[in-house]
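The exercises below are meant to be worked through with the sequence and the coordinates open side by side. Try each task before reading its solution.

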Amino acid sequence: ASNGAKVVSTWDFGVPANQAAWRVLARGGSALDAVEAGARWAESELCNPTVGRCGNPDRDGALTLDASIMDGDGRCGAVAALQDIAHPVSVARRVMEKTPHVMLVGEGAQQFAVQQGFAKEKLLTPQAEKAWREWLKTAQYRPQINAERARIPGNKENHDTLGMLALDAGGKLSGACTTSGMAWKLHGRVGDSPIVGAGLYVDNEVGAATASGVGEEMIRNAASFLVVELMRQGRTPAEACREAIDRVVRKRPEASKTLQVCFLALNKHGEVGAFALHKGFVYAVCDAGKQDALLDADSVY
Ligand code: SD4
């Protein structure tokens, strides 16, 4: 049932996240159910300072979560700055399915989640609180170019959003993106991940794209939409990601030397591509042939 199905996602933890999604695809499940399952895995199982319950807080010590989900027919839902709810991607899906809206933020998003039966719980871990107290000593917001945070113990990097794209056996695409955003951000800051077209975009006619890195750059460039539109014009996924990265560089040549931006794309034929500003971006690919591939993306720097 899974022939032709594929799931791809950002960073090395994308491997187990893909496998969680694959369990859905392998039994003939939909791409939408698959990406929700993969993102839920990252939100709960993964102890990572940039996703879900183990995320680092903002500068005031509040853990605020952003997530989006989208299918290839243009149905989409998102939550931003959601607090004390463990599965923002599932709340995003409820926004898509149960409301006439696309995005809920802050207290309203939390209220909606509780009404939908999601439990309210304190999510900030002791480790994240300790990291925040440590950060307060200098209180400088300076995102570093990350790579490979999971492999470097004590590394305080924070580009580890899960962006996931799936193609199911029926040839339909979906995507999801989930994050606690940039560590030590201003309270109320929203990144690209919950913004349709910035951190995620999906169109069954063409393909899907997602992003990780400093979200302001993706928002500025409507980046995931741009990647999909470039594929529509005939670029391969890799070419489209590369051209979108070039756009980021052209817009802010100086800033792009110090920021990480990464794109990952999957077209409707199952072809995959990625490109990053700086080296170190890895992405995971899973299909019937191989469920644990981890690949290095090319980069400008
Ligand atoms: C954000 N893009 O909130 C996210 C952060 C990120 O890997 O990707 N971290 O800007």
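**Exercise 1.** Leaving aside its neighbours within four places in sequence, with which residues is alanine 166 in contact?

Solution. Bear in mind that this is a predicted model. Once the neighbours within four places in sequence are set aside, the contacts of alanine 166 are Lys6, Val7, Ala21, Leu25, Ala31, Ala34, Val35, Leu173 and Ser174. Next, place alanine 166 in its wider setting: the largest nonpolar core has 100 residues, and Ala166 is listed with Ala21, Val227 and Phe263 as those with the most contacts inside it. Helix H2 gives the most to this core, with eight residues. As a general background, nonpolar side chains in soluble globular proteins tend to be buried together.

**Exercise 2.** Work out the strand order of the open sheet of eight strands, and explain why E4 and E12 each have one side without a neighbour in the sheet.

Solution. Reading across the sheet, the order is E4-E3-E2-E6-E5-E1-E11-E12, and the pairing is mixed. Strand E4 (103-105) and strand E12 (293-296) stand at the edges with a single partner strand each, so one side of each has no neighbour in the sheet. On average, neighbouring strands are turned by 10° against each other, direction ignored. Within the sheet, strand E2 (residues 65-71) and strand E6 (residues 173-179) run antiparallel and are joined by six bridges, and isoleucine 69 stands opposite alanine 176 in E6.

**Exercise 3.** Which strands does helix H2 lie across, and which strands does helix H4 touch?

Solution. Helix H2 (residues 31-44) lies across strand E1 (6-10), E2, strand E5 (162-167) and E6, and runs at about 15° to E6. Helix H4 (residues 106-115) packs on the sheet by touching strand E3 (76-82) and E4, and its direction makes about 110° with that of E4. Glycine 108 is found in helix H4, and because 14 other C-beta atoms lie within 10 Å, this glycine counts as partly exposed.

**Exercise 4.** At what angle do helices H7 and H8 pack, and which residues meet there?

Solution. Helix H7 (residues 223-232) and helix H8 (residues 237-251) pack at an angle of about 135°, with their axes 8 Å apart. That angle makes H7 oblique to H8, and the crossing of the two helices is right-handed. From H7, Ala223, Leu226, Val227, Leu230 and Met231 take part, and they meet Pro237, Ala240, Cys241, Glu243, Ala244 and Arg247 in H8. Val227 also appears among the residues with the most contacts inside the largest nonpolar core.

Notes:
Residues are numbered from 1 along each chain as its sequence is written. This is a predicted model: local features need pLDDT of at least 70, side-chain atom pairs count only at pLDDT 80 or more; totals for chains, interfaces and linings use all residues. Two strands pair if DSSP finds at least two bridges between them. Helices (H or I, at least four residues) and strands (E, at least two) are DSSP runs, numbered from the N terminus. Axes are lines fitted to C-alpha atoms, for helices over the stretch in contact, and angles run from 0 to 180 degrees between N-to-C directions. Two residues are in contact if their C-beta atoms, placed from the backbone, lie within 7 Å. A nonpolar core is a set of buried Ala, Val, Leu, Ile, Met, Phe, Trp, Tyr and Cys residues joined through C-beta atoms within 7 Å. A residue is buried if 20 or more other C-beta atoms lie within 10 Å of its own, exposed if 12 or fewer, and partly exposed in between; C-beta atoms are placed from the backbone. Angles under 35 degrees count as roughly parallel, over 145 as roughly antiparallel, 65 to 115 as roughly perpendicular and the rest as oblique. A crossing is left-handed if the near helix is turned anticlockwise from the far one by less than a right angle, and right-handed if clockwise.
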